[in-house]
Amino acid sequence: CLAITTCNAQPIATDPVRSQAADTRHGPPAFTPGTAFKYTAYSGELKRLATFDAVVGAVSANLITFNVSREGVPQEETYRDGALRLVTAHGVPRTPTRNPSAVRFAFPLQVGKTWSDSYEGTHLQSGRRYKYENHYKVVAYEPVTTKAGSFMAYRINRENRNLTSPAVSFEDYWYAPDIGFEVKRVADWGPVEELVERLASKFQVSVQAMTFRLANLGLMRRD
């Protein structure tokens, strides 16, 4: 997202906090190289605007590489730490530079958890300096449906304050522990983004296929 200039914004409507038995303390995800996430951005009229792909590259103890493309055209290579916090990016990033990066996920997650952060940086196009302050709250653990399917997900509300100009904006995004990533995002300054497909790496697919064969042969229990 580019620098936010939305003024007089209102919070996205939220339902009462839902507490479910499955609501456990979820920690950071574990990624496998080759896993791909495909997202589609929609306008307010649900008109498709663009499709984005994020493919997991190298994975180390403290750094995860994502290769991001838009409509099949490579855009940037991003590096995130184990908590999915942006470390750096190369290529043609869609976001302004930030120091430090925003903490979108404060693992482990649970309903009612809150945290805050602040960062500053330079807008890529204009070169202007800016400062932001964010306030987050996990407001629910609830089912959410996207074109990729239905998931149990943490809904996180973010209040973003531009300290350089009198502007405030709001965003809701859903993190699904079973996916290990955001599956939907709704912000008052931009399009709706949702997960439309998640492709396992070739290694994961081969393991799943082998497990299925062994189970059918009676060599492995199917729980």
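Colleague: What makes β8 and β9 count as paired strands?

Modeller: This is a predicted model, in which local features need pLDDT of at least 70 and side-chain atom pairs count only at pLDDT 80 or more, while totals for chains, interfaces and linings use all residues. Residues are numbered from 1 along each chain as its sequence is written, and side-chain values use heavy atoms, with hydrogens and water left out. Strands are DSSP runs of E with at least two residues, helices are runs of H or I with at least four, and both are numbered from the N terminus. Two strands pair if DSSP finds at least two bridges between them; nine bridges join β8 to β9, so the rule is met. These two strands run antiparallel, a hairpin joins them through four residues, and Arg 155 stands opposite Trp 174 in β9.

Colleague: How do you know that β9 is also joined to β10?

Modeller: Six bridges join β9 to β10, and these strands run antiparallel; set against the minimum of at least two, that count makes them a pair. Within this pairing, Tyr 175 has Glu 182 in β10 as its bridge partner. The hairpin of β9 and β10 has four residues between the strands, and Gly 180 takes a positive phi near 80 degrees there.

Colleague: Why is β9 called mostly covered?

Modeller: A residue is called buried when its relative accessible area is under 20%, exposed when it is over 50%, and partly exposed in between, using a 1.4 Å probe and protein chains only. In β9, ten of its ten residues are buried. Ala 167, Ser 169, Glu 171, Tyr 173 and Tyr 175 point one way, Val 168, Phe 170, Asp 172, Trp 174 and Ala 176 point the other way, and all of them are buried.

Colleague: What makes Glu 171 and Arg 158 a salt bridge?

Modeller: The term requires a side-chain nitrogen of Lys or Arg within 4 Å of a carboxyl oxygen of Asp or Glu. The closest N and O atoms of Glu 171 and Arg 158 are 2.7 Å apart, so this pair qualifies. Glu 171 lies in strand β9 and Arg 158 in strand β8, so the salt bridge ties together parts that are 13 residues apart in sequence. Both residues count as buried, with Glu 171 at 0% relative accessibility and Arg 158 at 5%.

Colleague: How do you know that Arg 155 and Asp 172 meet in a salt bridge?

Modeller: Their side chains come to 3.4 Å, N to O, and that value falls within the limit, so the name applies. Arg 155 is in strand β8 and Asp 172 in strand β9, 17 residues apart. At 3% relative accessibility Arg 155 counts as buried, and Asp 172 is buried too, at 1%.

Colleague: What makes Arg 104 and Glu 182 a link between distant parts of the chain?

Modeller: The side chains of Arg 104 and Glu 182 meet in a salt bridge at 2.9 Å, N to O. Arg 104 sits in the loop between β5 (86-91) and β6, whereas Glu 182 sits in strand β10, 78 residues apart. Arg 104 has a relative accessible area of 19%, which is under the limit, so it is buried, and Glu 182 counts as buried at 16%. Arg 104, Arg 158, Glu 171, Glu 182, Arg 185 and Glu 193 are linked in a network of salt bridges, and the count by this rule comes to ten.

Colleague: Why is a set of 35 residues called a nonpolar core?

Modeller: The name is given to a set of buried Ala, Val, Leu, Ile, Met, Phe, Trp, Tyr and Cys residues joined through side-chain atoms within 4.5 Å. The largest such core has 35 residues, and those with the most contacts inside it are Phe 66 and Leu 109. Strands that each supply at least two residues include β1 (36-42), β2 (48-59) and β3 (64-70), while β7 gives the largest share, six residues.

Colleague: How do you know where confidence is lowest and highest?

Modeller: The pLDDT is the predictor's confidence in each residue, from 0 to 100. Helix α1 (residues 202-216) is lowest, at a mean of 37, and β8 is highest, at 94. The mean for the protein is 75, and 71% of its residues reach 70 or more.
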